[in-house]
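Hi,

Here is the structure I promised to pass on. Have a look at it first, and then read my notes below.

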Amino acid sequence: MKVSLIVAKAENNVIGKNNDLVWKLSDDLKHFKRTTLGQHLIMGRKTFESMGKPLPNRTSIVVTRKENYTVPEGHYCVQSLDQAFSLGKKLGLEKVFIAGGGEIYKMALPQVDEMVITEVKAKPQGDTFFPELDWENWKETQREHFEQSEKNEYSFDIAFYKRK
Ligand SMILES: NC(=O)c1ccc[n+]([C@@H]2O[C@H](COP(=O)([O-])OP(=O)(O)OC[C@H]3O[C@@H](n4cnc5c(N)ncnc54)[C@H](OP(=O)(O)O)[C@@H]3O)[C@@H](O)[C@H]2O)c1
């Protein structure tokens, strides 16, 4: 089972503030949807709650230490990242996406095979960060640029990386 990570991060590694995103990037949301449709997304309980409800046509695997946490039918709740990976294997998945937030990215990174990073050209204030990476371990395979526009508050690149 391949482990892919998807994130939108700023130049200062900010990914969120007050349990929400810190930008309006319409083209990035479209990219996120395109990339993750039909897929299983592993996410922390805080990220799951920040979305209000599960993303349509995707399966959420929510990581929490809470014992009686419930999620809507068709989604899963697990109590560790290991349990999330075991579940993915049990379901016979070819791929799972690590979809945040900060705590889950940090915990999952050693096991991530590939990353899809929206690199936002901004340094916003925030309270949640993507971890520092050792870029020596990663090879960029593809990159696309999006200009700032009415739809996109900042310019950004969408970059793909594979672990070397
Ligand atoms: N820019 C992006 O691409 C992006 C993507 C996703 C999220 N975000 C942002 O990131 C922020 C949320 O991130 P966050 O770091 O605060 O929270 P998070 O990673 O979404 O969730 C943290 C929660 O995960 C559970 N957890 C963490 N470690 C665990 C472990 N070892 N075992 C079991 N459960 C564990 C705990 O849930 P319990 O407290 O229930 O035990 C913890 O409170 C928001 O601002 C969101 O908008 C940004």
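Before the sheet, one bit of vocabulary: two strands count as paired if DSSP finds at least two bridges between them. Please also keep in mind that this is a predicted model.

With that in hand, take strand 1 (residues 2-10) and strand 7 (residues 114-120): they run parallel and are joined over 7 bridges. One pair you can look up is Lys9, whose bridge partner in strand 7 is Glu119.

Both strands belong to an open sheet of 8 strands with mixed pairing, in the order 5-4-3-6-1-7-10-9. Its edges are strand 5 (76-78) and strand 9 (138-146), each of which pairs on one side only. On average, neighbouring strands in this sheet are turned by 20° against each other, ignoring direction. Helix 1 (residues 26-36) packs on the sheet, and its direction makes about 175° with that of strand 1. Among the strands that helix 1 touches are strand 3 (40-44), strand 6 (95-98) and strand 10 (156-163).

Over to strand 4 (residues 59-63), which pairs with strand 3 in the parallel sense over 5 bridges. Leu41 has Ser60 of strand 4 as its bridge partner. How many of strand 4's residues are buried? The count is 5 of 5, and both faces are covered: Thr59, Ile61 and Val63 are buried on one side, Ser60 and Val62 on the other.

Gln39 sits in the loop between helix 1 and strand 3. Is Gln39 buried or partly exposed? Its relative accessibility is 23%, and buried would require under 20%, so Gln39 counts as partly exposed. Setting aside neighbours within four places in sequence, Gln39 is in contact with Asn57, Arg58, Thr59, Lys95 and Phe97. Ala84 is 45 residues from Gln39 along the chain, and their C-alpha atoms are 14 Å apart.

Now the ligand, which may interest you at the bench. It is surrounded by 26 residues, the closest being Ala8, Arg45, Thr47, Thr64 and Arg65. A few polar atom pairs to look up:

- Thr47: an N or O atom in its side chain is 2.5 Å from an oxygen atom of the ligand.
- Arg65: a polar backbone atom is 2.8 Å from an oxygen atom of the ligand.
- Ile15: a backbone N or O atom lies 3.1 Å from a nitrogen atom of the ligand.

Taken alone, the ligand exposes 930 Å², and the protein buries 88% of that.

Cheers

Terms used
Residues numbered from 1 in each chain as written. Predicted model: local features only at pLDDT ≥ 70, side-chain atom pairs only at ≥ 80, totals over all residues. Heavy atoms only, no water. Helix = DSSP H or I, 4+ residues; strand = E, 2+ residues; numbered from the N terminus. Axes fitted to C-alpha atoms, helices over the stretch in contact; angles between N-to-C directions. Contact = heavy atoms within 4.5 Å. Near = heavy atom within 4 Å. Polar contact = N/O pair within 3.5 Å; in protein donor to acceptor, adjacent residues only side chain to side chain. Areas by Shrake-Rupley, 256 points an atom, 1.4 Å probe, with all protein chains shown as cover. Buried < 20%, exposed > 50% of the residue type's maximum accessible area, 1.4 Å probe, protein only.
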